[in-house]
Amino acid sequence: MTNLSLQKITDDINLLLPILPARLLDAVNKKVKLSELTEIILDVGRLPEVRYGKEGSEFIGTEPVIYDEIDYVCHRVGAFNTDNRAGIERTLHRISAIRNRQGKIVGLTCRIGRAMYGTIDLIKDIISLKENILLLGGPGIGKTTKLREIARILSEEKRVIVVDTSNEIAGDGDIPHPGIGKARRMQVSSPERQHAVMIEAVENHMPDVIIVDEIGTEEEAAAARTIAERGVQLIGTAHGNSIDNVINNPTISDLLGGIESVTLGDEEARHRHTQKSILERKAPPTFNVVIEIRTRDLLAIYHDAASAVDNFLKKIPLSPEVRGVDKEGKVKVWPKEENLLEMERMKQEDTLQIYPFAVNKERLQLAINSVGVAAVICEDISKADLVLTLSSQNKPSSKITKMLKDKSIQMHLIKTNDTNNMIKFLNHVFHLQADVDDEQQVAIQEIENVIKSVQTHKKTMEASPANPHIRQLQHRIVSRTGLRSESIGQEPNRRVRVYYAESR
């Protein structure tokens, strides 16, 4: 074991606070613990709110936010892009807008960006091997922070280009944040152009390394393969918490080689002791190494992505190398036979335990997987962090109310037993995006209806045409049911097709 170097944190919060109106700035300076502050929430008609990550939140001030205060902030930050995000030049702070139906901004999430140095000590040896590395993990767990420091470290000796779609890696403005070191940054005008900028970076600027955040479309997966085949080291993140999320996601499964159905001959099937129709990896993975970020100080590392995918498809339990930081602040590598137990123990310490009462567990698990948060369904109420139940159960005579009488466990309510409400609940608890919008609600409900029809009628069905973001959400929902799906057709009529297992 070796000592983990001290992490240095810089947040440039002195450049964020001046964008606030005078009365809010005064309230923040008087009440807020700046070192722990993660977000400032401004919604028209509501009291201003400050959030401290998992430590909770509090309201500040005595008067609701008004339109003039929203406009005041908007005029002091950069321009909002098509993804409704803006920033402050040469900082990592992110300001995200919520608009009404007429396009007017009615809410702002001001997220404090912090550059952390010393976050990749656990994987420095891997970064130096010139391997293509894929980082996976839930929202807010530190993927982008690690990418930023990887760029800084590698740029000391190599030509590094950061493809920065939402300016999260290198900040807003034309001059990148010093957190990326000597690396050069290519900004992306809109998320739909990320794949084109990835290819442009290779063709025009001759980098040794390309770093890209959030690979999430088929076009971006294809661009990643092109980059890797040209001998450029590629380091990136993708949508998904774990390696099986990527394998089961048809949109980006090519990052790990892709999957195809193969029909074996009778003799070969008997020799393998399998069914005649099996799933196999189609091609070599784009990324040689996959790192799952379980917590900020606990990583699961697959040094041979191809073998990991093959074992997963053969239903062989995966046993990654686990690296973490022990209680004394030292780096430790756990032997493989201890990996799963140790990882599970440390995951449980940092995972929200949800006890569902009168709530459909299967749909709740589907919602957890779709949102990608660190939460598990708990069967023992005494070990739960919170209880999720229906509004109809919120009365003194209900069984759950009596069960919680002498327990200091929060009870959260949802109106009905559907996935949309559960996703809204998770977004609220984990301080993610605002409630699911109308388009997402319709898409989620439709894909759930398609899944039911496929299972009932045992035949292939299709959803309505949808944009790439909605299709990705639908694919994630399908993958958790054990069915297979793919996007078919050409834009703007591209849509999700769901296969019944035997028909494929």
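**Gln275, Val262 and the cysteines**

Gln275 counts as exposed because its relative accessibility is 61%, above the 50% cut-off. This value, like those that follow, comes from a predicted model. Gln275 is found in a loop. The loop runs between helix H9, residues 266–272, and strand E16, residues 277–281. Gln275 and Thr263 are twelve residues apart along the chain. Their C-alpha atoms are separated by 8.7 Å.

Val262 belongs to strand E15, which covers residues 259–263. Residues up to four places away in sequence were set aside when its contacts were listed. With these left out, Val262 touches Lys276, Ser277, Ile278 and Glu280. For one of these partners, Ile278, a C-alpha distance is also available. Val262 and Ile278 lie 16 residues apart in sequence. In space, 5.4 Å separates their C-alpha atoms.

The cysteines were examined next. The structure holds zero disulfides. Cys110, accordingly, is in no disulfide. The nearest cysteine sulfur to that of Cys110 belongs to Cys74 and is 8.8 Å away. A disulfide requires two cysteine sulfur atoms within 2.5 Å, so this pair does not qualify.

Accessibility was computed for two cysteines, Cys110 and Cys378. Cys110 has a relative accessible area of 0% and is therefore buried. Cys378 has a relative accessibility of 5%. Cys378 also counts as buried, because this value is under the 20% cut-off. Gln275, at 61%, counts as exposed.

Notes: Residues numbered from 1 in each chain as written. Predicted model: local features only at pLDDT ≥ 70, side-chain atom pairs only at ≥ 80, totals over all residues. Heavy atoms only, no water. Helix = DSSP H or I, 4+ residues; strand = E, 2+ residues; numbered from the N terminus. Contact = heavy atoms within 4.5 Å. Buried < 20%, exposed > 50% of the residue type's maximum accessible area, 1.4 Å probe, protein only.
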